[in-house]
Amino acid sequence: MTSLEGLSGSVWPLHVKPRPDELLSSWLIRFAHAHQLKIESMCTLLFGRQSPVWNRDIDRLAPVWLLQGICQATGTHLQQAKHTTLGDLEGWLTETISPLGKSHWIVPLGIFHRTRQHPGLMYCPACLSEEKSRYYRRLWRMAWATACLTHQCLLVDTCPACGAPIVPHRSDMGARCYLPTRLTLITCHACQKLLTQQTLLPVSPPLAALQAKLEDTLKNGYIALGDNPSLHSVLFFEGLRALLTGGLRAQKQRSTNVKKHAPVFESRPLEERRVILEQLAQWLNNWPEDFLTDIKVHSFRSAELCSPAGILPYWYYQVVHPLNQRITATTEMEAEAIMDAVAKQTGGYNLTAAQRLAGKNITPAWRHLHPLHRVNFDSYEMAVVEIDHQIAGTLDRSQRLLLLRTKFILVARYGLQVSIKSLSKLTLASLYQLASPIPNATFYEVPRSRVQAAAWLLWYWHHLRPQLSPAPDENRVFTSSLTHKGLSASACSLYSALPMRMLKSGQFT
Ligand SMILES: [Zn+2]
Ligand SMILES: [Zn+2]
């Protein structure tokens, strides 16, 4: 070991790099063991004595000094090192990942000093058996991951011999471990038996299909769901969690043998999570029809389905909304595109021609797109007021900001009267083209006239838009808080859609 002393701050002999999707802790351990060092000794050499490495969840969010230390020693780029933490999934898996406390979809470790009291790390015995794939993955901290798709088997989260949680950084602490070997990483820290010695249990096809879908969504950053070809992954995962908590809450109310105060999904035992996910797989497989059937069969109430805190992503909200438990067959955006094509071919709007072209009835979606059938002022005002209520109901700054954006999107769509396509392309210049001169905004009532709507949007441009930190070269009015680019037409379509109940016949002028 002495030969390695003095290496602090320089590159160590073996350049151990993180493997695909490897967790930071796993990488650190492999690095130590590759140098035939115990983890504790490596940490002392690398970070100095008393450095608090293991009394926190470094895989969730690692301090910069720790990342810099391991990067220096292994000649790794800081960006690559960041990919080994779950915090790196912020903006993909969930809006924020907190260093302490609970984060959506991440299984907690139950850290108590240097020990782990909750089985928060899962593993695939088959992956760990093969030398080339012997490392712990980020996926194995994901509350919705319960299987290994490579080996089509179930993940495990405790030692098969003694039932202890998996704590790899304590694997070389046993009295029998003089020098770490290639197998130390997969040795139970409590009983020193190999974690891989067990029978693999096969995963059910629906569960495997669900997990594949979720893994893809996380990788791509979007998913095609229902009418939306590219739903942002954060919106999808947040809605999924609302569905899961809401759906379970509703089921619980009716079942006598389910505990009334069960812990949050991420803290439930692996077996329970798996059962819940099987149910989720069923609902999502034929979204939203199967879920709507269950709503009807079990008479779920919308108060049970809607989480009391926070806003719901629209794809879930539109299904569980009390008066709105059905969805349109065609999105407005789709209807608009179809009608555009018809108008080009025939020189005018024609529903029969549209039906022939699209092969389906687009009347419901077209109803409030047609210039003669504009949504009436009451429906639009009601929608804006409803958002005001939601804003009043939350103190979360970012949620309020997003709700305010939705409000101004509605003002642009129905007050300024622009199509969804134009909405997604709206810039300051086009605002002046639509209404000039633009007067001062009066906020006493929801703007009816185009000029007043333009005045509101000008105010939005100066006061709210900057708070969403749009990219410097972005000139569109409505921007994403995640990508900092302009909102896509499909996002604008989602945000500006009015609840179905407002679109029922008789509401149009
Ligand atoms: Zn595996
Ligand atoms: Zn054990």
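Is His151 buried, partly exposed or exposed? With a relative accessible area of 24%, His151 comes out as partly exposed (buried is under 20%, exposed over 50% and partly exposed in between, using a 1.4 Å probe and protein chains only). The model here is a predicted one, so local features need pLDDT of at least 70 and side-chain atom pairs count only at pLDDT 80 or more, while totals for chains, interfaces and linings use all residues. Residues are numbered from 1 along each chain as its sequence is written, chains are lettered from A and ligands numbered from 1 in the order in which they are written, and side-chain values use heavy atoms, with hydrogens and water left out.

His151 belongs to a metal site: its ND1 joins the SG atoms of Cys124, Cys127 and Cys148 in holding the zinc ion (ligand 1), at 2.1 to 2.3 Å. Donors here are N, O and S atoms within 2.8 Å of the metal (3.2 Å for Na, K and Ca), and water is not among the atoms, so sites may look incomplete. Along the chain, these donor residues are spaced C-x2-C-x20-C-x2-H. Cys127 sits in helix H5 (residues 125–129) and His151 in the loop between strand E3 (147–148) and strand E4 (153–154), so this pair ties together parts 24 residues apart in sequence; helices (H or I, at least four residues) and strands (E, at least two) are DSSP runs, numbered from the N terminus. Cys127, at 5% relative accessibility, is buried. The arrangement around ligand 1 is tetrahedral because the four donor atoms subtend angles of 105 to 113° (for four donors, that takes all angles between 85 and 135 degrees).

The zinc ion (ligand 2) is held by four SG atoms, those of Cys159, Cys162, Cys188 and Cys191, at 2.3 Å. Their spacing reads C-x2-C-x25-C-x2-C, and angles of 107 to 114° make this site tetrahedral. Cys188 is buried, with a relative accessible area of 2%, and Cys191 counts as buried at 18%.

Then there is helix H1 (residues 24–34), which is largely enclosed by the rest of the structure, because 10 of its 11 residues are buried. Among them are Trp27, Arg30 and Phe31. The cover over the buried residues of H1 includes helix H2 (39–47), helix H3 (64–74) and helix H4 (78–82), with contact meaning heavy atoms within 4.5 Å. Gln36, which follows H1, has a positive phi, near 55°.

Conventions: Four donors count as tetrahedral if all angles lie between 85 and 135 degrees; four count as square planar and six as octahedral if opposite donors are over 155 degrees apart and all others between 65 and 115; anything else is irregular.
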